Amino acid sequence: MLIEDGRVAGIGAWTELATSASAPTIDVRPCALVPGLIDTHVHLTGSGSRTAVEDRRTESDEVQLLRAAGNGFRTLQEGVTTVRDCGARNDVIFTYRDAARRGHLPAPRVLASGSPLTRTGGHGSMWGGEVDTPAEVRRAIRRQAKLGADCLKVMVDMGLDGAGRARPGLLLFEAEELRGIVAEAADWGLPVVAHCLTVRGIAAAARARVHSIEHAIFYDVRSGAHAYDEALVAEMAEHGIWVNPGQTFAYEAISDPQPGEKYARNAAMFEARLEDDARMRAAGIRLVTGTDAGTYATPFGRYALAPILFAQRVAMSPLEALRACTSDAAEAIGLGGEAGQLRPGLAGDLVAVEGDPGADVTALERVRLTVLAGTVVHDRVTAR
């Protein structure tokens, strides 16, 4: 593979591509090359510990900016060359994103929503996006556009309130309000990314025609039980709404036979959620990889768990799981013509892994080389 000016210039036999004896070369044999991996849902400023909820409320901007730098560097070691940050303080995440784009520090390509829209005291309110009236909603959307947001994140329903207390299922935005949000965001070129933890939340988001639904948990507040809705899923599929199920959220805590109390409902529904993901996929929903890294008990460094769960528990083939991490993920976040494939003209983002991820997705755990736009940013090949 030949990379020139940060883009793939050619793919073929070495004798065909070797244009200069002095050109820097890296022999990655016997590794396989795959496109740079993409994480569609992270929180770069988050600690990923079991105190992450408290940390993001109490830490200074300076601490969170330093943490973003560390987390961004960790993603490169995992082979992740593009991330979409779905919730952080505006001043912190846009500062980090812009520094990354200017090459001031080793970092992946970053898209960011900045402060998500929520109600006063609602889920994610510590990030600064509280709105309670239509005028405040419009003003907040325009503020995010002015700051250069790459998408608009909306907290459709509640998980934890602004003080970290559980308020499961409270609907923050009705479908009609969300339609107005989607329309205003579209005027500013911002796709709407909707956080949905309940059936009512998913329904409101689907009827508003959001761009993607994050989490997509079919929890019915009234019955307090799992309630998968086939008709709702069919509506989502009909309108091409992407879904990031984010099964890696607090994976060790939730899959523990004796989970803690903070996310007891998630733990109780975890197996059903994996079954729902498989059913959504069979119904035509396009699922993409997003780890939610940085949130409660979800540290950076475990990206490969997401495609492994897709392959082992959601009935995807290894190749389909790889696409969910690369070409499908790129399309979902608006970079389909820029990244996600190894093709002439696209960004020179590539990863060398030990094994064949098209047959065994666990090969994504064995990253040996990461190249971002033609620059080596992680190298365990030449050092061996």
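Which hand does the crossing of helix 11 and helix 12 have? Here are my notes, starting with that one.

1. **Helix 11 and helix 12.** Bear in mind that this is a predicted model. Helix 11 goes past helix 12 in a right-handed crossing. The two elements are residues 305-313 and residues 318-325, and their axes come within 9 Å, at an angle of roughly 145°. On the helix 11 side the contact uses Pro307, Phe310 and Ala311, while helix 12 brings Ala321, Ala324 and Cys325. Sort those residues by type and you get six nonpolar, no polar and no charged.

2. **Helix 3 and helix 4.** Here the axes of helix 3 (residues 61-77) and helix 4 (residues 90-101) come within 9 Å and cross at roughly 40°. That angle makes helix 3 oblique to helix 4, because angles under 35 degrees would count as roughly parallel and 65 to 115 as roughly perpendicular. The crossing of helix 3 and helix 4 is right-handed.

3. **Who meets whom there.** From helix 3 you'll want to look at Asp61, Gln64, Leu65, Ala68, Ala69 and Gly72; across from them in helix 4 sit Asp91, Val92, Thr95 and Tyr96. The mix for helix 3 with helix 4 is five nonpolar, three polar and two charged. For helix 11 with helix 12, by contrast, the polar and charged classes are empty.

4. **Ala52.** This residue belongs to helix 2, which covers residues 52-58. Is Ala52 buried or exposed? Its relative accessible area is 3%, so Ala52 counts as buried, the cut-off being under 20%. Leaving aside residues up to four places away in sequence, Ala52 touches Ser47, Gly294, Thr295 and Tyr296. There's also a long jump along the chain here: Ala52 and Ala297 are 245 residues apart in sequence, yet 7.4 Å separates their C-alpha atoms.

5. **The whole protein.** Zooming out, the protein has 13 helices and 15 strands. Its radius of gyration is 20 Å, close to the 21 Å that the globule rule gives for 384 residues, so the protein is as compact as a globular protein of that length. Along the principal axes, the C-alpha atoms fill a box of roughly 65 × 40 × 40 Å.

6. **Burial and contacts overall.** How much of the protein is buried? Buried residues come to 55% of the 384, and Ala52 is one of the buried residues. As for contacts with a separation of 6 or more, 70% of them are between residues 24 or more positions apart.

Notes:
Residues are numbered from 1 along each chain as its sequence is written. This is a predicted model: local features need pLDDT of at least 70, side-chain atom pairs count only at pLDDT 80 or more; totals for chains, interfaces and linings use all residues. Side-chain values use heavy atoms; hydrogens and water are left out. Helices (H or I, at least four residues) and strands (E, at least two) are DSSP runs, numbered from the N terminus. Buried means under 20% relative accessible area, exposed over 50%, partly exposed in between (1.4 Å probe, protein chains only). Contact means heavy atoms within 4.5 Å. Axes are lines fitted to C-alpha atoms, for helices over the stretch in contact, and angles run from 0 to 180 degrees between N-to-C directions. Angles under 35 degrees count as roughly parallel, over 145 as roughly antiparallel, 65 to 115 as roughly perpendicular and the rest as oblique. A crossing is left-handed if the near helix is turned anticlockwise from the far one by less than a right angle, and right-handed if clockwise. Ala, Val, Leu, Ile, Met, Phe, Trp, Tyr, Cys and Pro count as nonpolar, Asp, Glu, Lys and Arg as charged, and the others, Gly among them, as polar. The radius of gyration is taken over C-alpha atoms; the globule rule is 2.2 Å times the number of residues to the power 0.38.
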